[in-house]
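Please study the sequence and the three-dimensional structure shown here before reading on. The explanation is meant to be followed with the structure in view.

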Amino acid sequence: MKMDADYSRATDGATERRSDGLTVLGLETSCDETAASVVRLSAAGAEVLSSVIHSQIDDHAAYGGVVPEIAARSHVEMIDGVTRRAMSEAGLDWSALDGVAATAGPGLVGGVMVGLSYGKAAALARGLPLIAVNHLEGHAVSARLGAETTYPFLLLLVSGGHCQLLEVRGIGDMSRLGTTIDDAAGEAFDKIAKAMGLGYPGGPALEKLAASGDGSRFELPRALLGRKDCDFSFSGLKTAASRLAQTCETEQDRADLADAVQKVIARQLAERTERAMKDYAEAHEHRLFVVAGGVAANKTIRRTLEDLAAKHGFAFLAPPMAYCTDNAAMIALAGAERLEKGLTSDIDVAARPRWPLDETRASVDPVHKKTGRKGAKA
Ligand code: KG4
Ligand code: ZN
């Protein structure tokens, strides 16, 4: 597959690792976290030298969701300080860096432009290569921040903007096996939580409430049951659960509903993943399943997927909790892996609000038609 329209191969080919590895500064500003991190990739694996995250949750809480304009302004205010802190916590001078990686999409484009422009300026000023990173590719490699992981693997990427199953053969070499036809799982968590009067982001709040609930009395819709593919759908659940939320009278009612929602989401994720595992297992001897993205922080979902992996003979890996939700260490690592292959970017590379990981599959099988949903990260 080809996904490198925005990448150019360095004229001298792959970048030689220094004896102590490649050290890359990563920048992440695609949603509501301003983040910077320094990662060293060496023969021993990936080492996070620093990872600084400024969360804007407080700025957006009053609105019940991320407000793009507020996010972009906050990134402008924070990016320099966050980056300086990441450099100082890593204990490195700029001369120790081999490259600057910045998220170039997909995401809220005002925010993406802030991090990407800052990255371009830093790369130009210091004479370093720039690596424009797809945010999803960052999530895809994030499990490698916690454990030395070899390609290929089957990936469930499940976040606020995405819900996809991918075969990951290496950096820049991924095929999509399934995706959501409407909302992402994290988005369903967030919107249902909002309807239940829980704070933003909804996923963690809903998980906390579900701990004291028993959802067995609620019947929630299970989507796409008749289909044999690996696609997801959460909009019917979102509507049904939001309606039920209006009927909840007691705290126990709400806890029960939260438990039902969490279980039905976990079940759908497991059903589609099981289909993908069966196909994947036919073609691969090395069976590794990775779950990444913010929703991978959910303990019920992790446990369900872990059990499923064991049932089908897959090793199971999830990023350390700190690298499940948005962070810049995953961007720095994706950048280092690209740099190692000589995949650097031109200085005029553009920020992209949409940027599918598997562009071939996305163009032959568009789930988001031109007239359809235009979510920030769809
Ligand atoms: O990966 P991420 O930080 O940002 C995106 O790239 O979207 O994911 C954020 C999403 C939010 O929808 C949030 O509600 C969800 O991940 N999330 C969770 C949990 N922690 C974060 N969902 C369910 N349970 C959690 N514990
Ligand atoms: Zn993300």
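The paragraphs below treat the overall form, then a group of strands, and lastly the metal site.

The structure is a predicted model, and the description starts with the whole chain. The secondary structure of the protein consists of 11 helices and 12 strands. Taken along the principal axes, the box filled by the C-alpha atoms is roughly 60 × 50 × 40 Å. A compact globule with 378 residues would have a radius of gyration near 21 Å, and the protein, with 20 Å, agrees with this.

The interior and the surface can be considered next. Of the 378 residues, 57% count as buried. The accessible surface comes to about 15400 Å², and carbon and sulfur atoms account for 52% of that area. Contacts also link distant parts of the sequence: among those between residues at least 6 apart, 75% join residues at least 24 apart.

Strand β8, residues 163-170, offers a closer view of how strands are arranged. This strand is mostly covered, with 7 of its 8 residues buried. On one hand, β8 pairs with strand β7 (residues 153-158) in the antiparallel sense over 6 bridges. Within this pair, Phe153 stands opposite Val168 of β8, and a hairpin of 4 residues joins β7 to β8. On the other hand, β8 pairs with strand β9 (residues 173-179), again antiparallel and over 6 bridges. Here Gln164 stands opposite Thr179 in β9. The hairpin of β8 and β9 has 2 residues between the strands, and in this hairpin Gly172 takes a positive phi near 75 degrees.

The metal site comes last. Which protein residues are donors to the zinc ion (ligand 2)? They are His135 and His139, each through NE2, and Asp326 through OD, at 2.0 to 2.1 Å from the ion. In sequence, these donor residues follow the spacing H-x3-H-x186-D. His135 and His139 both belong to helix α4 (residues 135-141), and because they are 4 residues apart there, about one helical turn separates them.

Are these two histidines buried or exposed? A residue counts as buried under 20% relative accessible area. His135 is therefore buried, at 2% relative accessibility, and His139 is likewise buried, at 1%.

The geometry around the metal completes the picture. The 4 donor atoms around the zinc ion (ligand 2) subtend angles of 96 to 135 degrees, and the arrangement is therefore tetrahedral. For four tetrahedral donors, the ideal angle at a metal is 109.5 degrees.

Technical notes: Residues are numbered from 1 along each chain as its sequence is written. Chains are lettered from A and ligands numbered from 1 in the order in which they are written. This is a predicted model: local features need pLDDT of at least 70, side-chain atom pairs count only at pLDDT 80 or more; totals for chains, interfaces and linings use all residues. Side-chain values use heavy atoms; hydrogens and water are left out. Donors are N, O and S atoms within 2.8 Å of the metal (3.2 Å for Na, K and Ca); water is not among the atoms, so sites may look incomplete. Four donors count as tetrahedral if all angles lie between 85 and 135 degrees; four count as square planar and six as octahedral if opposite donors are over 155 degrees apart and all others between 65 and 115; anything else is irregular. Buried means under 20% relative accessible area, exposed over 50%, partly exposed in between (1.4 Å probe, protein chains only). The radius of gyration is taken over C-alpha atoms; the globule rule is 2.2 Å times the number of residues to the power 0.38. Contact means heavy atoms within 4.5 Å. Accessible areas come from the Shrake-Rupley method with a 1.4 Å probe; for residues, only the protein chains shown count as cover. Two strands pair if DSSP finds at least two bridges between them.
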